[in-house]
Amino acid sequence: MATAMQRRAAHSSKSRGTYQPTEMPSIDQRTNIRVPTYTFGSNLRPIAHLGYEGARHLIPERLPSSTRGRTVGFRVIDLNHSIVDSIRSVASSLRRLDLSDLRLDFVDPEMIDGLLRLERIVLDHNRIDENGFPDNIARLDHLVELSAHDNCLTQLPTIIRKLRSLQRLKLSENRLKSLEGIDKLKRLQILVLDENRLQVLSKEFFSHLKRLEYLHCSRNALTAVPSDVRNLRLLKDLNVSHNRLTSLPAEVFVLPNIEVINASDNQIDRLPTITVKGSLKRKLTTIDLSNNLLIRFPAHLMFMTGRLDLCSNRIRTIPLGLIDKLDQVPELQLMLDENPMSLPPQDVCASGLRSIVQYFMEIKTVMRIHQGVRVLVLGPTGQGKTSLIQTMTDQQARTTDGERTLGVDLYEHNISLEKSDDPLTKRLHLSLWDFSGETRYLFQHQYFLQPNSLVLLVFNMAEYSAAKFRSCFGIWIDWMLFRMNRIVAVPVGTHADRLKPAKAKQIGDDVMKQIRKYVADIRSSIEREIKRIDSKAYISAALSEQLEMYRNLLRMEVLTAESVVTVSSKENSGIEQLEEAILKMVDNKDAFPNVLREIPSLWGEVVNFIDDKGYAMQVPMMRWDEYVALVTGKFGMRHLIQAITEFMHDTGKIIWYSDHPTLRDYVFLRPSWLVDVFKAIFRHDIDQLDYSLEESFRQHNISQPKFEKMINEVVDEATFDRELIKCLWSSVIQSDFNRPVLELLAVLLEHFEIGYATVIRPSRNTSAISSVSKGNITTERSGQDCLDFLPNAQSPASRKGSITPRVGEKYEPGSATSRSKQGEKSSAEIRTNPPRISKILIPWLLNTEQPAKFREEYQSFSGHASAASVFRFPKYIPPGMFEKFTIRALKDEHDLTKLYHWKNGLYARHIQNGVRLYLQRIEHDDGSTCISVECRHESRLTDEDTEKQVEQIWQVLLPFLKDCEDVIAKCTGARMERYMECPYCRGLSFLGEWLTPKELQAVDVKMCDNCNRDVSTSFLVQPKEKKRVEEFLLKRLLEEAEKRRLAFDEATTNNDPFSPVCENGDNNSDDIHPNVMTPMTSDSRNKANQKGVEKQRGTNGDRARSGTTSKGTVRINVPGAEKSPGSRLRTHSNRTTDSSIQEEHILVTLTEQTNE
């Protein structure tokens, strides 16, 4: 049917008696180009519509025009021999050329020749195909818009690909099947492809057209919108209506500038679950999903748009969980017409959102809440875990088609205990946690594998074999038992549609037999170890502790379903059987005592309140005391706050690590937010980030060279710049300030222990700045001021030992007893004064091998005094355990400076003691893993210095071993053995007795069973505690004396009337040696009567004025101490020559001093 414009043009031609173009063009013999042939009926001048500069409309005129003015627009109405000349006459100023409705088969090259300033050309309603564009169109360098609507294009013309300045391209109502080459048009902002024959949009399409703002592809044959649409970060309007889509990717809804999404009239039966992160800065104007096949109400979209059209779908109910959220979107236009609604009824939905809210408020008064359960979905990658969850939650067939889970994804689902649509029916709420099976994400899983959870062990039945049992089941069972000594699991076999029922049953039976045998073998191996120890004639303290560990492991709880549940996500089969198996497992009150219990309605209000609060906060993380004040201030119930919080944690509403010594001081109000925090850092594709696609980097003024440098640091060194982390967290922390980033980063380093800081930036209020190296951290601050900003740093005076609750002592979060380590900053300190961390290193991401320089340097200390402890994990070691050890080693309290750090090792130096620490992970063929901790002294071993060197080694080794014990103790099912290496043969010949040292400390030597050599026990166990405490305190006392001597010298110089004098009244400073003394050894004590030593060490007499010396005593002369009443150094008036009493006095004195 001819358009109105065509009819007018035809009528005008006939009435004026002008030309009629022939159907077939002729060939120009000079140029060999097809040109239209025209016939003329009169000599009248042709008519064209001209646009002049400054004018708003085109003006019809006969050519050539006599109007004086600068012609910028030209619309051709009549074609004749003079039309080309007329266009050329205005070529210097022409910017818009309209050749529409002329029935052209091609564009005459002469018609556009010389139009170097042309910006827009319209070729609508012609018959031009891909060969109808002249080559000289590529010379239109200023062309920004090309419209070829309603033509005969089947593919993108090759010559159009060269229009590199093109910004607007309209190719609707053609016959396009392919868009090959369109990725060359990188400046496109508007692309209209409606009513073509497109079936797919290629990856290159989305990867290169980064400036697109409007994309219209309606009325094609598209079957999918790929997730690569995330690259179109400037897209505002997307129209994919009237296609064959069955789903939309989550990336469409979270594009930063998207305003309109029209996906109506498709076959969409599922939508991704999207978490709305905080208060949205901007909402979409419209989301149109009408005339589709949706069954599940997309509740999350209500909070993302102002208009949501869901008409003509198959939605039956609105989730009850929206009762308290519907009133948060009072301006939402929600359209649910022509849906088979039962909850609320259709007449309620037709009355609008306000009626829906009122309906739910009435239900709320009689509705009862029952406690749900957290479900952990585990298994290797590619087993169909995500497809299974989405099929269950959407109640229809879902396949993810190879899409991978990044980290952890959260879903929710309700199982009705009765077959009824009644909203008051009792339901079990499931909080589903979909864990990725990829290695890169395993480290973060440890923070979300929580007790009191049901586990689904998912495996692909179609590809399963007995050789895959370990990867599909064994490692996950081991992990859960190691962490919690408990697992309650349902094995789930996917891809049942690819197997015959008999084969699926056979595989299921084999799997259950293997699981039972695997658990039985674990029990048997533990029982054998218990029997082996019990059979010994004498059980040492170390063996006794190991025996107790095995007896605890034997109390493990393993519950599994009776059989494997077989499902097919592709056919939506087996889901009912899976729900029945879940209900049967949680019905076990021994395993789940609180599941399905009725919850007070007030608790439900607390849940809704915290949920709303979490979504309103940019950083949904609160300190425990703030959280308690918030909840009790609104609801009271202070005596129930812990029970309510544990209930919300167990059901996946919040995250509160109540059993963690420091993380229990924090409450994370939105679990999905914490998951996203980890996802952003542990992402697998960080080396594939495209600077041009990541707007956040440009917003933070990061240049492309700096961006590439930061990415290379992550890939090569596992080191993250703070600015990079801030950009990665741009969607998680929607703030332009550094403080939230610094606070969260400090919590991740200090409490989650994901890594350690390598660079600390100077404080903004620091005047004097100098470069200081503290441990392994480089700072740009001076003195103790820089220590205050380190995540783990304290002054020496603050290290007084850990404060831990005693057995049976009630925990009060936020109290002094809630600190397990003195080296960790409290949550209040981090909140008020977060460290300005510049770079962090995450050991889990290290992939480097042992440096060549390390081996050469390490071998240079061969033969030096050393002690090596070994943690042996005979069956299994969880991901991240070794990495936690390396992080603990570099905490400030150990005073270690990192020298080398690689995937399986850490080499560090203790500067003060001259000790090298070598931490390494060794994996053995028998499946066991050893973590070796060796300390070597830098000085060569001599008889005179042996005791001193060994003492210094244990001063470094023992605190770190206890830190490692603290890491292991957080896993209630840890199976581990302690050993000490023989310094001669390097065999694991001795039990590690650093936790029970008394027996070994009582003997001097012990024989190695491998090499039959006697080994000094000083290399196998730490020195006696009393001796080390005495010498440490004595050293402190001597340092204090030296300070007083210096004060005395200064006072003498200044004629201080209170200047100290020596015992005989002479001002003889030789009585005190000017150097700080080191702890005494047994040999030096035997020579204590020598005059030179007496001048350095003395007895703790009355004000240290005088005293006697005997074996085992020390004299310290502190001249003038009696003149200093405010002195911290205290002495006793009673003198004695008995060495034991003098030592006791020294200990009492120094204890009081330390307490002060």
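# Working through helices, rings and cysteines

**Exercise 1. Check the length of helix α7, then find which side of it is buried.**

Start with the length. Helix α7 covers residues 353-364, and its 12 residues should span 16 Å at 1.5 Å a residue. The end C-alpha atoms lie 17 Å apart, so the expectation and the model agree. Bear in mind that this is a predicted model.

Next, pick out the residues of α7 that are tucked away: Leu-353, Ile-356, Val-357, Phe-360 and Ile-363 are buried. They take up an arc of only 120° around the axis, so they sit on the same side of α7. Why does such a spacing work? An α-helix has 3.6 residues a turn, so residues three or four places apart point the same way.

Last, look at what lies on top. The cover over the buried residues of α7 includes β16 (333-335) and α6 (346-350).

**Exercise 2. Do the same for helix α12.**

Length again comes before anything else. Helix α12 (residues 541-553) has 13 residues, with 18 Å expected at 1.5 Å a residue. From its first C-alpha to its last, α12 reaches 19 Å, which is close to that.

Now the buried set: Ala-542, Leu-543, Gln-546, Leu-547, Met-549, Tyr-550 and Leu-553. Looking down the axis of α12, you'd find these buried residues within an arc of 160°, so they line one face of the helix. Their packing partners are α11 (501-534), β38 (977-980) and β39 (990-991).

**Exercise 3. Classify two aromatic pairs by their geometry.**

A pair of aromatic rings is described by the distance of the centres and the angle of the planes. The model has 40 aromatic pairs by the rule used here.

Take Phe-459 and Tyr-464 to begin with. Their centres are 5.2 Å apart and their planes make 65°, so with edge-to-face set at over 60 degrees, this pair is edge-to-face. Phe-459 is buried, at a relative accessible area of 0%, and Tyr-464 is buried too, at 13%.

Then go to Phe-678 and Phe-682. Here the centres are 6.3 Å apart with the planes at 25°, so the pair is stacked. Phe-678 counts as buried at 1% relative accessibility, and Phe-682 counts as buried at 1%.

Finally, zoom out. Phe-678 and Phe-682 belong to a cluster linked by ring pairs, whose members include Trp-433, Tyr-657, Phe-752 and Trp-844.

**Exercise 4. Find the rings that have an arginine over them.**

Step one: go to Phe-592. The charged end of Arg-486 sits over this ring, 5.4 Å from its centre.

Step two: go to Tyr-984. Its ring has the charged end of Arg-1013 over it, 3.8 Å from the centre.

**Exercise 5. Decide whether Cys-985 is bonded or unbonded to Cys-1008****.**

First, find the neighbour: the closest cysteine sulfur to that of Cys-985 is in Cys-1008, 3.6 Å away. A disulfide needs the sulfur atoms within 2.5 Å, so the Cys-985 sulfur is too far from its neighbour for a bond. That fits the overall tally, which is 0 disulfides in the structure.

Then compare surroundings. Cys-985 is partly exposed at 31% relative accessibility, whereas Cys-349 is buried at 7%.

**Exercise 6. Describe the surroundings of Val-607 and Val-373.**

Val-607 is part of helix α14 (residues 601-616) and is buried, with 13% relative accessibility. Leaving out residues up to four places away in sequence, Val-607 touches Phe-647, Met-648 and Lys-653. Thr-645 lies 38 residues from Val-607 in sequence, yet their C-alpha atoms are 9.2 Å apart.

Val-373 belongs to strand β18 (residues 373-378) and is buried at 1% relative accessibility. Setting aside neighbours within four places in sequence, its contacts include Leu-428, Asn-452, Val-586, Phe-592 and Asp-650. Val-373 and Ile-582 are 209 residues apart in sequence but 9.9 Å apart in space, C-alpha to C-alpha.

**Exercise 7. Put it all in the context of the whole protein.**

Count the elements: there are 31 helices and 41 strands. Check burial: 53% of the 1156 residues count as buried. Then check the contacts: among those with a separation of 6 or more, 60% come from residues 24 or more positions apart.

Definitions and conventions: Residues numbered from 1 in each chain as written. Predicted model: local features only at pLDDT ≥ 70, side-chain atom pairs only at ≥ 80, totals over all residues. Heavy atoms only, no water. Phe/Tyr/Trp six-rings, centres within 6.5 Å; stacked < 30°, edge-to-face > 60°. Buried < 20%, exposed > 50% of the residue type's maximum accessible area, 1.4 Å probe, protein only. Lys NZ or Arg CZ within 6 Å of the ring centre and 35° of its normal. Helix = DSSP H or I, 4+ residues; strand = E, 2+ residues; numbered from the N terminus. Expected span 1.5 Å × (residues − 1). Arc of directions from axis to C-beta. Contact = heavy atoms within 4.5 Å.
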